[in-house]
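Here is a quick tour for anyone about to set up calculations on this one. Have the sequence and the coordinates open as you read.

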Amino acid sequence: MNNCAIIVAGGSGTRMGAPLPKQYLEIGGKPILMHTLSKFLKFSPKIDLILVLPSPDMDLWKSLCLQHEFTVKHTVISGGKTRFQSVKNGLAALGEDHDLVAIHDGVRPFVSVEVIKNSFIEAQKSGSAIAVAPLKDSLRKLRVHGGSHFQDRQQFRLVQTPQTFQVKKIKRAFQIDELPIFTDDATVYEHQGWEVSLISGNPENIKITTPEDLDYAEYLLSKQ
Ligand SMILES: Nc1ccn([C@@H]2O[C@H](COP(=O)(O)OP(=O)(O)OP(=O)(O)O)[C@@H](O)[C@H]2O)c(=O)n1
Ligand SMILES: C[C@](O)(CO)[C@H](O)COP(=O)(O)O
C-alpha cells in the first residue's frame, strides 16, 4: 500500500493574532508544524508527506528547517486563499501511485499515531475515515427569531483531522467549485453523495487556534 499525507498549513492564523502565522510558532522550542510532520513520520517512516504553505513563506520555511536542523523529508507546495483551495493544490500534487491520503491540519500536532493508523485502516476498508470526538458540554440551537432550544449531544460529534480517503475519490470530489458548506474535507466528499465513515479521534488532538490553545499545547507537550 502506497500512502501519503497532505499537511495543510496555508493559513494566516488571524484568530491567534501573532506576528507570525501560528503554524510557525514554537512549542517546546520547535515550530508547531515540525511536531505535526514528525508525528506522521513516527506513524510510518515511509509515508510521503506533502506540506502546503502560504506561497510567500517558502524561504521562511527553508530557514526554519535549517535553524532547527529539521530533516524530515517532505515536498512543499503553495496553498490557496482558503483551506479548500490549499487542499485542492495538495491533491493536485499527488501522483496516481498513491492509494490513500490523510489530510491533516498542520496546527493539530497532538494527533496520536494510533488515530493516524486507524484512519488508514478504516479508509482502506470503506473509502474514508473522519476522526471525531464526543461533546463534553451541553448543546443548544439558536432559534432564528431569538431564544434557543435543547439538542441531544449524543447525536453530534466534533470533527477533527486526519480525514483519510481513497486518492481517486477525493481528487474527484475536489473537482467542484468551492461552496460555503465546505468547512472540511468530509463535506466535500459527501457532496458527491458518498457516505463518510467516522473513527474516534483523540481528545488531545486540538486545533491550535487562539492564544490560550498555545498554553494548553505546551502543557500537552510536557506530558508526552
Ligand atoms: N488558506 C488556508 C487556510 C487554512 N489552511 C490550514 O487549515 C488548517 C485549519 O485552519 P485554521 O485553524 O482556520 O487556520 P487559519 O486559517 O490559519 O486560522 P484563522 O482562521 O484564525 O485565520 C490550518 O492548518 C491552516 O494553516 C490552509 O492550508 N490554507
Ligand atoms: C478541518 C477542521 O479542522 C475540522 O474541524 C475545521 O473544519 C477547520 O476549520 P477552520 O474554520 O479552518 O478553523
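## A loop with an odd backbone angle

Start in the loop that runs between α2 (58-67) and β5 (75-78), where you'll find Glu69. Bear in mind that this is a predicted model. Phi of Glu69 comes out positive, near 50°, and the residue isn't a glycine. Is Glu69 buried or exposed? Count its neighbours: 6 other C-beta atoms lie within 10 Å, so Glu69 is exposed, given that 12 or fewer is the cut-off for that label.

## Helix α4, inside and out

Next up is α4, which covers residues 113-126. Does its length add up, or what span should 14 residues give? At 1.5 Å a residue, the helix should span 20 Å, and its end C-alpha atoms are indeed 20 Å apart, so the two agree.

Which residues of α4 are buried? They are Val115, Ile116, Ser119, Phe120 and Ala123. Look down the helix axis and these buried residues fall within an arc of 140°, so they line one face of α4. The spacing makes sense: an α-helix has 3.6 residues a turn, so residues three or four places apart point the same way. Over on the other side of α4, Glu114, Lys117 and Lys125 are exposed.

As for what sits over the buried residues of α4, the cover includes the strands β1 (3-8), β6 (100-105), β7 (128-133), β10 (158-166) and β11 (198-200), along with helix α1 (32-43). Right after α4 comes Gly127, with a positive phi near 100°.

## Strand β10 and ligand 2

β10 turns up again around ligand 2, where it supplies three residues, the largest share of the shell. What else is there? The shell is made up of Arg83, Asp105, Val159, Gln160, Thr161, Thr183, Asp184 and Lys207. By type, that's four charged residues, three polar and one nonpolar.

One of those shell residues, Thr161, is also half of a backbone feature worth a look: the peptide bond joining Thr161 to Pro162 is cis, with omega about 15°. Pro162 has its place in strand β10.

## The shell around ligand 1

How many residues surround ligand 1? The count is 21, and the closest are Gly10, Gly11, Thr14, Arg15 and Ser86. Sorted by type, the shell around ligand 1 holds twelve polar residues, five charged and four nonpolar.

How values were computed: Residues are numbered from 1 along each chain as its sequence is written. Chains are lettered from A and ligands numbered from 1 in the order in which they are written. This is a predicted model: local features need pLDDT of at least 70, side-chain atom pairs count only at pLDDT 80 or more; totals for chains, interfaces and linings use all residues. A residue is near a molecule or strand if its C-beta atom, placed from the backbone, lies within 6 Å of it. Ala, Val, Leu, Ile, Met, Phe, Trp, Tyr, Cys and Pro count as nonpolar, Asp, Glu, Lys and Arg as charged, and the others, Gly among them, as polar. Helices (H or I, at least four residues) and strands (E, at least two) are DSSP runs, numbered from the N terminus. The expected span of a helix is 1.5 Å times one less than its number of residues. A residue is buried if 20 or more other C-beta atoms lie within 10 Å of its own, exposed if 12 or fewer, and partly exposed in between; C-beta atoms are placed from the backbone. The arc is that of the directions from the helix axis to the C-beta atoms. Two residues are in contact if their C-beta atoms, placed from the backbone, lie within 7 Å.
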